Amino acid sequence: MSLLEEIATAVFEGDADKVKEASERALSDGAAPETVINEGLITGMNKIGYLFKNGEVYVPEVLIAARAMHAGMDVLKSSLQAGEEIGNKGIVLVGTVKGDLHDIGKNLVAMMIEGAGYKVVDLGIDVAPDKFIKAVEEYQPLAVGLSALLTTTMTAMQETVSRIKGNGGRVRVIVGGAPITQKFADAIGADAYAPDAASAADIINQILAG
Ligand code: B1M
C-alpha cells in the first residue's frame, strides 16, 4: 500500500494518530501538501462519504473520520503557508452558510487561501447573513468565501450573497461546496465559483487582480 493510500485508509478508519504520523512522513518524503490532501485525506473522506450516502455508516463514524482528516490538515497547514508571508495580501472572510454544519471543505479552502498569502478570518459554521454583514463591516475584507454542502442551505447562500452585494461595498464574493455550480453562482450574483479548495485560492487571486 502506498503512503497516500495509507493516509486515505487511516482517515476512513478514523485513526487520527496514524493520519498525523503518515502525513508527516509523506511531507518529509517530499510529497506536495496538495497531493497529500487530494490523494490521501480527501480520498479517505470520499470513501466514508460513499458509505454514509448508502446508509452503511452513520454520523458517529463520519465524525470520527472528520476528526482524523483534521489531524492531517493540521500537519499540512504550516507547509502550505511556508511559501508566502501570511496575511500579506489582505483579509478574506470565510464561513459555512446558515443551517449548514459542514466545515471540512471550508477549512481546506481557508488553508489554501492562507497559503496564498491572505489573512483568513473564519466565521465558522451555520453563519447567518447578519453575521457575515457585521463581519464585512468590521474587517473590511477584500473577499468573502461562502461554503454550502446541503441542497437545503443553497437558499441561505443566495440570501447571504444578495445581502452582501446589496450592502453597497465592493467586496467580492466567491462560493463553493458540493451542490454548488457555476450556473448557480451566476444566478445568485456571486463574483466567482470554485469547484475545490486549490482553485478557490487561484480564483481569489484572479478576481482581486482583475
Ligand atoms: Co453531511 N451530508 N449531513 N455530514 N456529509 C453530505 C453533504 C451528503 C452529500 C451525504 C449524502 O447523503 N450523500 C448529504 C447532503 C445531501 C444534499 O443535500 N444533497 C449530507 C446530509 C444529508 C447530512 C445531514 C442532513 C445528515 C443527517 O443528519 N440526516 C446532516 C446535516 C447537518 C447540517 O449541516 N445541518 C449532515 C451531517 C454531517 C456530519 C456532521 C456527520 C459530517 C460533517 C462534519 C464536519 O464537516 N465537521 C458530514 C459529512 C462529513 C458529510 C460528507 C460525508 C463529507 C463532506 C466532506 O467533508 N467532504 C458528505 C458526503 C460527501 O460529500 N461525499 C455529506 C470532504 C470535503 C473536503 O469536501 O466539503 O465537498 P467538500 O469540500 C470540497 C468542495 O466542495 C469545495 O472544496 C473542497 C475540496 O477541495 N468547497 C469549496 C467547499 N466549500 C467551498 C467554498 C469555496 C470553494 C470551494 O469558496 C468559498
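Analyst: A helix axis here is a line fitted to C-alpha atoms over the stretch in contact, and angles run from 0 to 180 degrees between N-to-C directions. Keep in mind that this is a predicted model.

User: Okay, let's start with the overall layout. How many helices and strands does the chain have?

Analyst: There are 9 helices and 5 strands in the chain. Going along the sequence, the pattern reads α-α-α-α-β-α-β-α-β-α-β-α-β-α.

User: And how compact is the chain next to a globular protein of that length?

Analyst: You compare the radius of gyration with the globule rule. The chain comes out at 17 Å, close to the 17 Å that the rule gives for 210 residues, so it is as compact as a globular protein of that length. As for extents, the C-alpha trace spans about 55 × 40 × 25 Å along its principal axes.

User: Back to those axes. At what angle do H2 and H3 cross?

Analyst: Roughly 140 degrees, with the axes of H2 (residues 16-28) and H3 (residues 33-53) coming within 10 Å. Only angles over 145 degrees count as roughly antiparallel, and H2 and H3 are therefore oblique to each other. Their crossing is right-handed.

User: Which residues make that contact?

Analyst: H2 brings Val19, Ser23, Ala26 and Leu27, while H3 brings Pro33, Val36 and Leu41. Sorted by class, that's 6 nonpolar residues, 1 polar and no charged ones.

User: How do H5 and H9 pack?

Analyst: Their angle is about 45 degrees and their axes are 8 Å apart, with H9 covering residues 197-209. H5 and H9 are therefore oblique to each other, and H5 passes H9 in a right-handed crossing. From H5, the contact uses Leu108, Val109, Met112 and Ile113; from H9, it uses Ala197, Ala198, Ala200, Ala201 and Ile204. The class split is 9 nonpolar, no polar and no charged.

User: What does the contact of H6 with H7 look like by class?

Analyst: That one has 4 nonpolar, 1 polar and 3 charged residues. On the H6 side sit Pro129, Asp130, Phe132 and Ile133, and they meet Glu159, Thr160, Arg163 and Ile164 in H7. For the geometry, the axes of H6 (residues 129-139) and H7 (residues 154-166) come within 9 Å and cross at roughly 30 degrees. This crossing is right-handed too.

User: Now the metal. Which protein donor does the cobalt atom of the ligand have?

Analyst: For a metal, you look for N, O and S atoms within 2.8 Å. Here the cobalt atom has a single donor from the protein, NE2 of His102, 2.1 Å away.

User: Where along the chain is histidine 102 found?

Analyst: In the loop between strand S1 (91-96) and helix H5 (104-115). That's the H5 you just saw packing with H9.

Terms used
Residues are numbered from 1 along each chain as its sequence is written. This is a predicted model: local features need pLDDT of at least 70, side-chain atom pairs count only at pLDDT 80 or more; totals for chains, interfaces and linings use all residues. Side-chain values use heavy atoms; hydrogens and water are left out. Helices (H or I, at least four residues) and strands (E, at least two) are DSSP runs, numbered from the N terminus. Angles under 35 degrees count as roughly parallel, over 145 as roughly antiparallel, 65 to 115 as roughly perpendicular and the rest as oblique. A crossing is left-handed if the near helix is turned anticlockwise from the far one by less than a right angle, and right-handed if clockwise. Contact means heavy atoms within 4.5 Å. Ala, Val, Leu, Ile, Met, Phe, Trp, Tyr, Cys and Pro count as nonpolar, Asp, Glu, Lys and Arg as charged, and the others, Gly among them, as polar. Donors are N, O and S atoms within 2.8 Å of the metal (3.2 Å for Na, K and Ca); water is not among the atoms, so sites may look incomplete. The radius of gyration is taken over C-alpha atoms; the globule rule is 2.2 Å times the number of residues to the power 0.38.
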